Amino acid sequence: MKIAVLPGDGIGKEVTAQAVKALRAVVGNAIPMEMTEAAIGGAALDTVGTALPEETVEIARKADAILLGGTGVPEDEHRPPKDGAGNGLLRLRKALGLYANFRPVTLFPELLSASTLKPEVVDGVDLLIIRELNGDLYFGEPRGIFKGDDGKRYGINTMHYSEGEIERIAHSGFQAAMRRNRKLCSVDKSNVLETMMLWREVVIEVGKQYPEVELSHLYVDAASMVLIRNPKQFDVIVTGNVFGDILSDAAAMLAGSIGMLPSASLGANNKGLYEPVHGTAPDIAGKDIANPLAAILSAAMMLRHSFGMEEHAARVENAVRSVLRDGFRTADIREPGCTTVGTVAMGDEVVKALLREATQATVAAS
Ligand code: IPM
Ligand code: MG
């Protein structure tokens with residue numbers, strides 16, 4: 001198992017260390033695991049002068065899977081997006097052709113009261129947001145801030161999707177729906193934007209190949225409302241890069257905290273980049289209070305998608321569940337009567353649960 005580890009900035013570093021610990025504990029010595037650490041984001045900017053050094057791209061290319069923490073530093077606010085630390089991640093997704101971002105949103109029953117929404121609204125939520133990652137306003141040209149003939153500045157970004165890009169993400173959506181409850185909701189803004197008219201047309205065309213999947217469409221404004229009003233009506237949501245970015249943060253609150261949301265960015269083969277949905281949270285970085293569970297659950301997604309290790313993936317998810325059941329909480333999901341722990345201690349609890357389970361399995365087998 002060749003894994004590139006890219007901790008990145010802020011709490012990215014802290015939570016990635018916990019995910020690495022969990023991976024080591026669940027895989028054990030049975031399978032050789034080679035982890036290579038590489039720089040990305042602000043750390044890379046400071047040392048190499050670019051948020052995505054060539055060496056990091058090489059290491060990521062050679063790896064079967066990439067575990068990433070997050071990229072972005074406070075200084076990003078004062079420089080153009082293309083020079084920022086967060087841009088390292090965007091370029092890596094593009095360079096590796098990782099175009100389908102899977103962001104599953106499930107609520108652990110133990111966290112029912114951690115959500116800001118009413119328990120009856122979120123109880124049993126289990127949906128999957130598939131966000132396109134390589135196109136849209138994120139990459140469309142022209143872009144920039146230009147001086148017009150009138151001497152005033154103009155900010156320009158271009159919403160851009162090719163038919164081919166929409167087709168492949170639509171297939172990701174339909175195929176995921178086939179593995180789940182066979183419902184796909186495509187989210188667009190085709191009442192206003194031509195790019196999104198094409199989006200809808202192509203999704204409908206691709207849908208003809210999946211007659212078993214019930215396809216529906218929502219405009220993004222309505223989708224954001226339904227997500228909060230009745231999230232249980234969704235199975236799989238497929239959407240573009242910008243709308244997916246926004247909707248997945250909103251959906252995080254269905255899972256109690258954005259600190260619980262893992263993600264996988266996949267391309268044409270099994271290679272994937274796995275990262276928590278939350279960012280680098282500079283305000284709480286270095287304080288040992290960030291929730292490492294999204295990173296640990298991302299590692300579980302890696303075992304499942306890139307390595308086909310379903311059983312190991314499930315073991316990690318069960319360990320997270322049992323730690324929550326035992327009443328351990330980080331600050332973001334803190335509850336009266338529970339034990340509030342820091343990042344490292346939460347990671348330790350997950351490792352303990354994994355080892356406990358392994359011992360029990362050995363005892364049962366002998
Ligand atoms: C995400 C993040 C990134 C994005 C940022 C850090 C560039 O918000 O992964 O959702 O916008 O894609
Ligand atoms: Mg985001």
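**Ligand 1 and its surroundings**

Modeller: In this predicted model, the shell around ligand 1 has four charged residues, two nonpolar and one polar.

Biologist: Which residues surround ligand 1?

Modeller: The shell consists of Thr71, Leu90, Arg93, Arg103, Arg131, Tyr138 and Asp245.

Biologist: What makes Tyr138 nonpolar in that count?

Modeller: Tyr counts as nonpolar by class, so Tyr138 is placed there together with Leu90. A polar side-chain atom of Tyr138 nevertheless lies 2.5 Å from an oxygen atom of ligand 1.

Biologist: Why are the approaches of Arg93 and Arg103 to ligand 1 called polar contacts?

Modeller: The cut-off is 3.5 Å between N or O atoms. A polar side-chain atom of Arg93 lies 2.7 Å from an oxygen atom of ligand 1, and for Arg103 the value is 2.9 Å. Both pairs are within 3.5 Å, so they are polar contacts. The protein covers 75% of the 320 Å² of accessible area that ligand 1 has on its own.

Biologist: How do you know that ligand 1 lies between the two domains?

Modeller: Domain 1 (1-102 + 258-366) and domain 2 (116-255) both give residues to its shell, so ligand 1 lies between them. The space that ligand 1 takes is the largest pocket.

Biologist: What is the value of omega for the peptide bond between Glu141 and Pro142?

Modeller: Omega is about 0°, and the bond is cis. Pro142 belongs to the loop between β5 (126-132) and β6 (144-147).

Biologist: What is notable about phi at Asp136?

Modeller: Phi is positive, about 75°, although Asp136 is not a glycine. Asp136 is also in the loop between β5 and β6.

Conventions. Residues numbered from 1 in each chain as written. Chains lettered and ligands numbered in written order. Predicted model: local features only at pLDDT ≥ 70, side-chain atom pairs only at ≥ 80, totals over all residues. Heavy atoms only, no water. Near = heavy atom within 4 Å. Polar contact = N/O pair within 3.5 Å; in protein donor to acceptor, adjacent residues only side chain to side chain. Areas by Shrake-Rupley, 256 points an atom, 1.4 Å probe, with all protein chains shown as cover. 1 Å grid on protein atoms, 1.4 Å probe; cavity = no way out; pocket = protein on both sides within 12 Å on 5 of 7 lines; lining within 4 Å. Sits in = over half its atoms within 2 Å of the grid points. Domains from an automatic or database assignment. Helix = DSSP H or I, 4+ residues; strand = E, 2+ residues; numbered from the N terminus.
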